Amino acid sequence: MARTSTNDSSSDPSWFTPKRLLMLFCVINMINYVDRGAIASNGVNGSIRTCDEKGICNSGSGIQGDFNLNNFQDGVLSSAFMVGLLLASPIFASLAKSHNPFRLIGVGLSVWTFAAAGCGSSFDFWSIAICRMLVGVGEASFISLAAPFIDDNAPAAQKTAWLATFYMCIPTGVALGYVYGGFVGSSFNWRYAFWGEALLMLPFAVLGFAMKPLQLKGFAPAESKKALTSSIEANASITEDNGNEDISSRAFKASKLKGEFTILHQLSQFSKDMKVLLVDKVYVVNVLGYISYNFVIGAYSYWGPKAGYNIYHMSNADMLFGGVTIICGILGTLAGGFILDRMNATISNAFKLLSGATFLGAIFCFSAFCLKNLYGFIILFSVGELLVFATQAPVNYVCLHCVKPGLRPLSMAISTVSIHIFGDVPSSPLVGVLQDHINNWRETSLILTAVLFIAAGIWFVGVFLKGVDMSNEDGENQISANAKGSMEPLLEENRTEMADILNEA
């Protein structure tokens with residue numbers, strides 16, 4: 001019956017064609033990163049209160065001015081979302097094994113919408129910091145599950161190009177956030193920027209619950225999990241001593257037993273999956289390089305407009321950095337995906353592209369900050385960003401294809417958590433501390449850019465590792481095998497144990 005139900009469900013027509021699914025996820029990803037750009041923009045972030053030599057003080061502007069934040073506190077706000085992301089990403093990835101992943105995305109987007117509205121209504125540093133943490137919780141479900149959905153539905157010869165299209169929304173979204181935040185913050189008030197984001201995301205949160213859910217490759221469908229639950233409950237009832245206890249007592253004990261075994265099974269499986277990831281040299285090297293890369297990109301995205309304003313006296317730093325990042329982000333990210341597909345998308349070729357593009361990009365960006373001429377800086381920095389953004393698709397291709405399909409959500413979750421907690425989370429406050437210490441944005445930018453050479457070196461090591469594409473290791477037929485495997489051993493091995501627990505009760 002479970003097999004029949006699965007077949008009927010999968011044969012039903014769905015509104016989500018592969019291209020529509022890609023477009024939907026791209027828009028959601030764009031809004032996610034518009035939020036990142038908006039909070040970094042001068043219009044929303046604002047400036048700290050300052051006093052001149054005569055003792056005349058201005059009130060500051062934006063978040064910094066309203067809440068009187070120093071650079072360190074301001075940098076913490078950019079990283080606060082990581083607390084929620086760190087805690088929620090592994091949870092959502094693990095829940096995908098027992099709950100429909102598409103519905104989990106709907107839950108996450110609902111939390112994100114509520115948190116964004118809360119940012120606009122905050123009244124001090126701690127209130128907005130807590131809301132930023134909740135933004136991370138909402139983002140966790142989408143970031144860890146969207147890429148596997150895209151990888152499942154993309155044409156075989158265009159998987160990297162589709163991933164590139166999705167990840168193109170990261171730099172584009174941040175850049176649009178600069179422009180959006182600068183315009184709304186200067187024309188109205190910084191709070192309206194967050195309220196606007198919440199309104200934009202609300203329809204997608206509703207859509208996550210209203211539309212027919214999708215299933216990921218490598219995961220047992222919902223029907224098999226229902227069958228497992230029914231079998232556990234039936235097994236618990238059989239072990240009762242022929243009616244000595246009433247129905248309500250049996251139901252309570254069966255429910256309690258089911259919950260205990262479900263939690264233990266999930267914890268055990270999570271532990272095993274983490275061990276698999278941590279001993280995978282290809283995965284570890286890829287994530288280490290990604291951490292170094294994101295350390296620089298995170299600080300660029302947050303402090304870039306402010307550094308540009310101070311070094312080159314840009315009156316329109318938000319617009320300029322936003323425009324350059326939009327163009328270079330779109331062209332660079334798409335180019336990286338198409339080039340890897342043309343090279344023949346393999347893990348080894350991905351590492352070659354990652355190390356080469358990052359090394360050349362680091363040279364151009366470093367040289368740009370050495371120049372005193374604004375136009376020379378724009379040209380060199382644009383070329384550098386073009387090369388650096390070419391890494392977005394290849395690095396995530398490696399994360400998805402160096403593990404089995406059933407591990408992809410956890411692989412993306414741990415990768416995302418790692419690049420934030422060790423990358424852009426500490427980089428924004430640390431750059432703020434460095435700038436407070438040396439008080440020279442040019443030197444600060446040069447020191448930061450040098451970290452890109454470290455990322456290029458780490459990814460170069462990956463070229464010499466023997467990376468095997470595991471994406472088809474447990475293919476479509478594995479779903480039914482997973483379902484069967486998750487039912488029979490659990491029931492057979494634990495039948496006696498469950499009976500003993502119920503008899504003792």
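Buried here means under 20% relative accessible area, exposed means over 50%, and partly exposed covers what falls in between (1.4 Å probe, protein chains only). By that yardstick helix α9 (residues 159-167) is mostly covered, with eight of its nine residues buried. The buried set runs through Lys159, Thr160, Ala161, Trp162, Leu163, Ala164, Phe166 and Tyr167. Helices, here and below, are DSSP runs of H or I with at least four residues, strands are runs of E with at least two, and both are numbered from the N terminus.

A word on the model itself: it is predicted, so local features need pLDDT of at least 70 and side-chain atom pairs count only at pLDDT 80 or more, while totals for chains, interfaces and linings use all residues. Residues are numbered from 1 along each chain as its sequence is written, and side-chain values use heavy atoms, with hydrogens and water left out.

On the whole-chain level, the secondary structure comes to 22 helices and zero strands. Of the 505 residues in the protein chain, 52% are buried. The chain exposes about 22300 Å², 64% of it supplied by carbon and sulfur atoms; accessible areas come from the Shrake-Rupley method with a 1.4 Å probe, and for residues only the protein chains shown count as cover. Taking contact as heavy atoms within 4.5 Å, 83% of the contacts between residues at least 6 apart in sequence join residues at least 24 apart.

Next, the inside. A nonpolar core is a set of buried Ala, Val, Leu, Ile, Met, Phe, Trp, Tyr and Cys residues joined through side-chain atoms within 4.5 Å. The largest one has 119 residues, and those with the most contacts inside it are Phe25, Ile63, Phe142, Phe166, Tyr293 and Phe351. Helix α14 (residues 281-312) gives the most to this core, with 17 residues. Setting aside neighbours within four places in sequence, Phe142 touches Phe25, Ile28, Asn29, Asn32, Ile105, Leu109 and Phe166. Helix α7 is mostly covered too, with 14 of its 20 residues buried. The expected span of a helix is 1.5 Å times one less than its number of residues; for α7 (residues 101-120) that gives 28 Å, and the end C-alpha atoms sit 29 Å apart, which agrees.

Then there are the charged pairs. The structure holds three salt bridges, each being a side-chain nitrogen of Lys or Arg within 4 Å of a carboxyl oxygen of Asp or Glu. Arg132 pairs with Asp35, the closest N and O atoms being 2.6 Å apart. This pair links helix α8 (residues 125-153), home of Arg132, to helix α2 (residues 18-40), home of Asp35, across 97 residues. Glu139 and Arg36 meet at 2.4 Å, N to O, again from α8 to α2, 103 residues apart. Arg408 and Asp151 make a bridge at 3.2 Å, N to O. Arg408 lies in helix α19 (residues 408-438) and Asp151 in α8, so this bridge ties together parts 257 residues apart in sequence. Burial covers Arg132 and Asp35, Glu139 and Arg36, and Arg408 and Asp151.

Finally, the surface. Phe359, Leu360, Ile363, Phe364, Ile379, Val383 and Phe453 form a nonpolar patch with about 560 Å² of accessible area together. Patches are made of residues with over 30% relative accessible area and no salt bridge, like charges being joined within 9 Å and nonpolar side chains (Val, Leu, Ile, Met, Phe, Trp, Tyr) within 5 Å. Helices α16 (347-370) and α17 (374-388) each supply at least two of the residues, and α16 gives the most, with four. Phe364 lies in α16 and is partly exposed, with a relative accessible area of 31%.
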